[in-house]
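Take a slow look around this chain with me. We'll pick a starting spot in the middle of things and work outwards from there.

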Amino acid sequence: MALRKIFRAVIMGPPGSGKGTVSSRIRESFGLQHLSSGDMLRANIEAKSELGLLMKSCIDQGQLVPDDVISRLILASLREMDHSSWLLDGFPRTVSQAESLDSEFTVDTVVNLDVPFQTIKERLTSRWVHLPSGRVYNIDFNPPKIPGLDDITGEPLTQRDDDMPETVTRRLKAYENQTEPVLEYYRSKGVLATFTGTETNKIWPHVHTFLSKKMTQSRKIRGHV
Ligand code: G5P
Ligand code: MG
């Protein structure tokens, strides 16, 4: 579906719930630009930028990076994407970040992936990523065509330093304490849509139907049917 009006969405869910996987499908189906806070931070680490080096220890320990740092980074990117439809993945992750976003942009909808923690732990230990693009693979679920290599570029895949089991446990704790309140924040604004399940392929058709309707409504409300 080609977008004719600006549509702005956020995808939320615990670490490993499939935000990156579902975001790729949303980008392909609806043409939204995908902005992942984790991918941006990892690109900074890879480039050995001052910010990346400062943030690396937070990320490796499974802690959130400071609100002001990530909000500045994301809002600057969103300002550059003026007049685009976008999908934010991994931001906002605290109520303070959600308030910063709200102060400049209106979010049309928030897709929340509700996946049990036990399912997540199993997935992350078999995840492989292509760092430059953020493409995500999984040995069981969506393996690369050639083991260890990215399907598109043929470049080597790596495992994330924060996918070690004890770090995953800390990331899930951070999610419960700091990110779950953001769900309530968006629920109270009437924009939260929750999709529960253990398999992305079963969740995805519901997300697709929901977003198709939402975008049609959004065009009607703005008088562009
Ligand atoms: P990130 O990078 O935002 P997380 O922890 O929120 O990291 P993550 O780990 O990237 O989320 P995801 O995107 O939700 O997970 O999930 P995914 O990559 O699509 O899927 C996980 C795995 O499961 C993949 O291997 C995929 O192929 C597989 N999979 C998907 N569906 C299925 C299925 O149905 N079945 C099976 N078997 N497998 C499946 O953030 C990283 C760190 O950056 C910092 C924090 O330190 C954070 O911990 N950070 C921030 N700090 C503060 N504020 C922010 N806003 C921050 N953003 C990032
Ligand atoms: Mg991700």
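Start with α4, where the buried residues are Val69, Ile70, Ser71, Ile74, Leu75, Ser77 and Leu78. Keep in mind as you look that this is a predicted model. An α-helix has 3.6 residues a turn, so residues three or four places apart point the same way. What lies over the buried residues of α4? The cover includes β2 (33-36), α2 (37-46), α3 (50-60), β3 (86-89) and α5 (95-102). You can also check the length of α4 for yourself: it covers residues 67-80, and its 14 residues, at 1.5 Å each, should span 20 Å. The C-alpha atoms at the two ends of α4 are 20 Å apart, so expectation and model agree.

One of the elements over α4 is α2, so let's hop across to that helix. In α2, the buried residues are Ser37, Gly38, Met40, Leu41, Arg42 and Ile45. Note that Arg42 is on that list. The cover over the buried part of α2 includes β2, α3, α4 and β3. If you compare the two helices, β2, α3 and β3 turn up in the cover of both.

Now follow the chain off the end of α2. Just after this helix comes Lys48, with a positive phi of about 55 degrees. Lys48 belongs to the loop between α2 and α3, and it isn't a glycine, yet its phi is positive. Is Lys48 buried or exposed? Its relative accessibility is 63%, and since exposed means over 50%, Lys48 counts as exposed.

His83 tells a similar story. This residue sits in the loop between α4 and β3, and its phi, near 65 degrees, is again a positive value in a residue other than glycine. With a relative accessible area of 64%, His83 is exposed too.

A little further along, past β3, there's another backbone detail to find. Pro92 is placed in the loop between β3 and α5. The peptide bond leading from Phe91 into Pro92 is cis, and its omega is near 0 degrees.

Next, move on to strand β4, which runs over residues 109-114 and holds Asn112. Asn112 has a relative accessibility of 4%, and because buried means under 20%, this residue counts as buried. Which residues does Asn112 meet, once its neighbours within four places in sequence are left aside? Its contacts are Met12, Gly13, Tyr175, Leu183, Leu192, Ala193, Thr194 and Phe195. Look at those numbers: Met12 and Gly13 are on the list, and so are Thr194 and Phe195.

Strand β5, made of residues 127-130, gives us a pair to compare, and Trp128 is in it. Trp128 is partly exposed, at a relative accessible area of 28%. Val129 is also in β5, but Val129 is buried, at 7%.

The contacts of this pair are worth tracing as well. Not counting residues up to four places away in sequence, Trp128 touches Arg135, Val136, Tyr137, Ile139, Leu157, Thr158 and Gln159. On the same terms, Val129 touches Arg135, Val136, Leu157, Thr158 and Arg160. Distances along the chain and through space are separate matters here. Trp128 and Pro147 are 19 residues apart along the chain, with 9.9 Å between their C-alpha atoms. Val129 and Thr119 are 10 residues apart in sequence, while their C-alpha atoms are 19 Å apart.

Finally, step back and take in the whole chain. Its secondary structure comes to 8 helices and 7 strands. Along its principal axes, the C-alpha trace spans about 50 × 40 × 30 Å. A compact globule of 225 residues would have a radius of gyration near 17 Å, and the chain has 17 Å, so the two agree. Buried residues account for 47% of the chain's 225 residues.

How much of the contact network links distant parts of the sequence? Among contacts with a separation of 6 or more, 74% come from residues 24 or more positions apart. On the outside, the accessible surface is about 11,400 Å², with 53% of it belonging to carbon and sulfur atoms. As for charge, the chain has 29 positive and 28 negative charges, and their mean positions lie 7 Å apart.

Methods: Residues numbered from 1 in each chain as written. Chains lettered and ligands numbered in written order. Predicted model: local features only at pLDDT ≥ 70, side-chain atom pairs only at ≥ 80, totals over all residues. Heavy atoms only, no water. Helix = DSSP H or I, 4+ residues; strand = E, 2+ residues; numbered from the N terminus. Expected span 1.5 Å × (residues − 1). Buried < 20%, exposed > 50% of the residue type's maximum accessible area, 1.4 Å probe, protein only. Contact = heavy atoms within 4.5 Å. Rg over C-alpha atoms; globule rule 2.2 N^0.38 Å. Areas by Shrake-Rupley, 256 points an atom, 1.4 Å probe, with all protein chains shown as cover. Lys, Arg positive; Asp, Glu negative; His and termini not counted. Charge placed at Lys NZ, Arg CZ, Asp CG, Glu CD.
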